[in-house]
Amino acid sequence: MTTGEFDQLYRELILDHYKNPRNHGLLDPADARAEGQNPLCGDEIAVTVRLGAGDVIEEVGFEGRGCAISQAATSMLSDLVKGRTAGEVALMPKEELLNELGIPLTPVRLKCAILGLGVLKLALHKAKGTPLPEEWGTAAKDLVLD
Amino acid sequence: MAVTAQPALDAYRVRADFPIFEQTIHGKPLAFLDSAASSQKPRQMLEAMVRFYETSYANVHRGVYELAERATAGLENARERVATLLNAPAAREVVFVRNATEGINLVAYAWGLSNLGPGDVVVATELEHHSNFVPWQYVARRTGADFRVLPLDDSGELRLDALDALVGGGRVKVVAAGIVSNALGTVNPIETLARWAHEHGAIVVADAAQAAPHRTLDVQALGCDFLALSGHKMCGPSGIGVLWGRAELLEAMEPFLTGGHMIRSVGLERTTWGELPHKFEAGTAPMAEAVGLAAAIDYLEAIGFDAIERHEHELTAYALGRLSELPWVTTFGPPLERRAGIVSFDVDGVHPHDVAQVLDFEGVAIRAGHHCCQPLMRRLGVTATNRASFYVYTVREEIDRLVEGLYRVRKAFS
């Protein structure tokens with residue numbers, strides 16, 4: 001392996017978030033919660049959220065089993081969304097998280113990277129009725145029934 | 001099949017037939033350890049398909065001109081070739097489908113919907129690929145039959161002692177089982193299962209997708225009623241598979257897909273079905289793919305299935321030995337005697353996706369995921385595993401490179 005290829009994907013910040021995830025552990029009680037899987041590789045993530053006045057996200061807690069990319073991305077996301085409103089996060093484009101990750105991702109690994117964001121949006125939707133991403137299509141309906 | 005000792009397989013010579021190995025991946029020679037997902041293609045098969053397209057191509061059957069006759073001969077010769085490979089009593093029992101999954105769906109729909117109902121029991125194994133699990137679970141639900149799962153022991157072998165308990169007052173109608181597990185390499189005792197199934201009046205649907213590329217298959221000796229395989233896993237092209245079924249069962253069945261070619265006569269109110277196998281082959285057949293599959297079978301038989309099995313057995317023994325040197329690697333699956341050329345393993349504390357990604361940087365291709373076996377993954381207590389699988393062109397150096405790569409994985413993530 002050329003060090004370049006490895007370092008590009010698993011840059012220090014990613015490995016740090018993977019090995020020392022921020023906001024790790026589920027909140028109880030929580031105002032919003034959801035879990036999700038990446039069916040391709042079996043990554044699992046559960047997210048809990050505490051909301052303050054005006055539905056501002058005060059705390060996020062997550063747990064999961066999965067690859068370095070999915071776990072690190074969720075860890076970074078959990079810091080990123082604190083202080084934002086549920087409505088803002090519902091509309092947050094995935095590109096913002098991907099920029100934060102700052103690594104080149106193949107389509108397969110992209111799904112790993114945005115799993116946590118999807119689960120967070122689902123949690124907020126279930127608790128607050130915020131919109132789900134349009135590209136989820138009718139599949140979103142099944143997700144909410146769980 | 002001939003039992004005379006076939007000469008040992010020379011994997012370096014075989015490898016030279018596969019153009020895919022002429023390139024580098026990430027600057028490294030390709031170590032391809034994912035043949036259980038799909039095999040690479042020998043030049044002989046590719047050339048047979050090109051030759052067919054260049055010299056003998058037209059739509060099959062009914063055409064009265066020379067090219068149509070050549071194309072028809074290509075397709076029907078391939079059918080004969082498959083029948084011989086499987087020791088099928090008749091070539092008309094060989095139905096061309098897209099892949100093993102479609103073959104099993106054909107049985108689940110065309111046989112299952114007419115023959116299953118409340119009080120009936122459909123048995124699949126906990127080891128099954130989703131392809132021989134989901135269709136039965138689905139059709140059982142549609143028909144009101146009970147879907148029951150034969151459990152595994154801790155090493156991933158079928159618990160035959162649990163069979164009788166599955167009956168539970170119902171009528172067992174179907175037993176669906178793979179011959180070789182794609183996830184663990186377990187070689188299942190299909191003959192024993194078939195005897196049990198037939199004692200209970202059930203049919204046996206054998207998924208041979210993972211067996212056909214690697215070992216001699218004899219549908220009469222196995223005692224199964226249906227058997228499905230995929231061409232792409234056995235040096236053939238993608239887009240063609242085979243369903244073999246006992247003629248009397250196929251004849252009694254309703255069709256699966258309807259349309260052109262599968263009919264005897266079409267009236268305004270009613271249509272009658274064609275003879276076997278055409279009743280199950282609606283639409284234009286995968287002609288060039290059938291020619292490719294026949295060439296792949298020729299290729300594999302020239303090497304010899306006994307030699308292939310021996311080669312893969314040696315590689316598996318070598319891989320299990322090398323992996324046992326790594327205390328932070330856990331392997332899954334049965335002992336070597338009952339295992340085909342597949343090794344599933346876990347690297348302590350590293351998700352399979354990360355393992356496979358780092359190995360890819362080394363030019364080593366393995367599969368990481370649930371291998372379309374989520375019930376099995378749950379039984380093993382994991383969400384995914386790493387899987388290395390071997391074939392005719394696999395050499396020991398590739399396994400050495402896998403082990404070297406795993407040291408790098410360990411270093412990067414610990």
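How many bridges join strand 5 of chain B to strand 6 of chain B, and in which direction do the two strands run relative to each other? I will start there, and I should say at once that what we are looking at is a predicted model. Five bridges join strand 5, residues 120-125, to strand 6 of chain B, and the two run parallel. To find one of these pairings on the screen, go to B:V121, whose bridge partner in strand 6 of chain B is B:D146.

Two helices of chain B can be placed against these strands. Helix 5, residues 134-143, packs on the sheet and touches strand 5, strand 6, strand 7 (171-178) and strand 8 (203-207) of chain B, with a direction that makes about 150° with that of strand 6 of chain B. Helix 7, residues 190-199, also packs on the sheet, where it touches strand 6, strand 7 and strand 8 of chain B, and its direction makes about 170° with that of strand 7 of chain B.

Stepping back to the sheet itself, seven strands of chain B form an open sheet in the order 4-10-9-8-7-5-6, with mixed pairing. Strand 4 (94-97) and strand 6 (146-150) of chain B stand at the edges, and because each has a single partner strand, one side of each is left without a neighbour in the sheet. From one strand to the next, the twist in this sheet averages 20°.

Chain B also contains an open sheet of four strands, in the order 13-14-17-16, and here the pairing is antiparallel. Its edge strands are strand 13 (329-332) and strand 16 (367-369) of chain B, each of which pairs on one side only, and the twist averages 30° from one strand to the next. Strand 13 of chain B is joined by four bridges to strand 14, residues 342-347, of chain B, the two running antiparallel; within that pairing, B:F332 has B:S344 in strand 14 of chain B as its bridge partner.

Which helices accompany these strands? Helix 11, residues 305-324, of chain B lies across strand 13 and strand 14 of chain B and runs at about 15° to strand 14 of chain B. Helix 14, residues 396-413, of chain B packs on the sheet as well, touching strand 13, strand 14 and strand 17 (385-389) of chain B, and its direction makes about 15° with that of strand 14 of chain B.

Strand 17 brings me to the salt bridges, of which the structure holds 33 over all chains. In one of them, B:D34 pairs with B:R387, the closest N and O atoms being 3.3 Å apart. B:D34 lies in the loop between strand 3 (31-32) and helix 2 (43-55) of chain B, whereas B:R387 lies in strand 17 of chain B, so the pair ties together parts that are 353 residues apart in sequence.

Now to the interface, where 22 residues of chain A are in contact with 21 residues of chain B. The area buried between chain A and chain B is about 1,700 Å², and carbon and sulfur atoms give 53% of that. One salt bridge is found across this interface: B:D354 pairs with A:R109, and their closest N and O atoms are 3.2 Å apart. Between chain A and chain B there are also eight residue pairs in polar contact, counting pairs with both residues at pLDDT 80 or more. On the side of chain A that touches chain B, the elements giving two or more residues are helix 1 (3-9), helix 2 (12-19), strand 2 (43-51), helix 3 (68-80) and helix 6 (107-128) of chain A. The residues on that side of chain A divide into 14 nonpolar, two polar and six charged.

Finally, some backbone details that deserve a careful look. The peptide bond from A:D28 to A:P29 is cis, with omega near 5°, and A:P29 is found in the loop between helix 2 and strand 1 (32-38) of chain A. In chain B, the peptide bond from B:L276 to B:P277 is cis, with omega near -5°, and B:P277 is found in the loop between strand 12 (271-273) and helix 10 (287-303) of chain B. Lastly, B:H26, in the loop between strand 1 (24-25) and strand 2 (28-29) of chain B, has phi near 50°, a positive value in a residue other than glycine.

Key: Residues numbered from 1 in each chain as written. Chains lettered and ligands numbered in written order. Predicted model: local features only at pLDDT ≥ 70, side-chain atom pairs only at ≥ 80, totals over all residues. Heavy atoms only, no water. Contact = heavy atoms within 4.5 Å. Buried area = accessible area lost by both parts, 1.4 Å probe. Salt bridge = Lys/Arg side-chain N within 4 Å of Asp/Glu carboxyl O. Polar contact = N/O pair within 3.5 Å; in protein donor to acceptor, adjacent residues only side chain to side chain. Nonpolar A, V, L, I, M, F, W, Y, C, P; charged D, E, K, R; others polar. Pairing = 2+ DSSP bridges. Axes fitted to C-alpha atoms, helices over the stretch in contact; angles between N-to-C directions.
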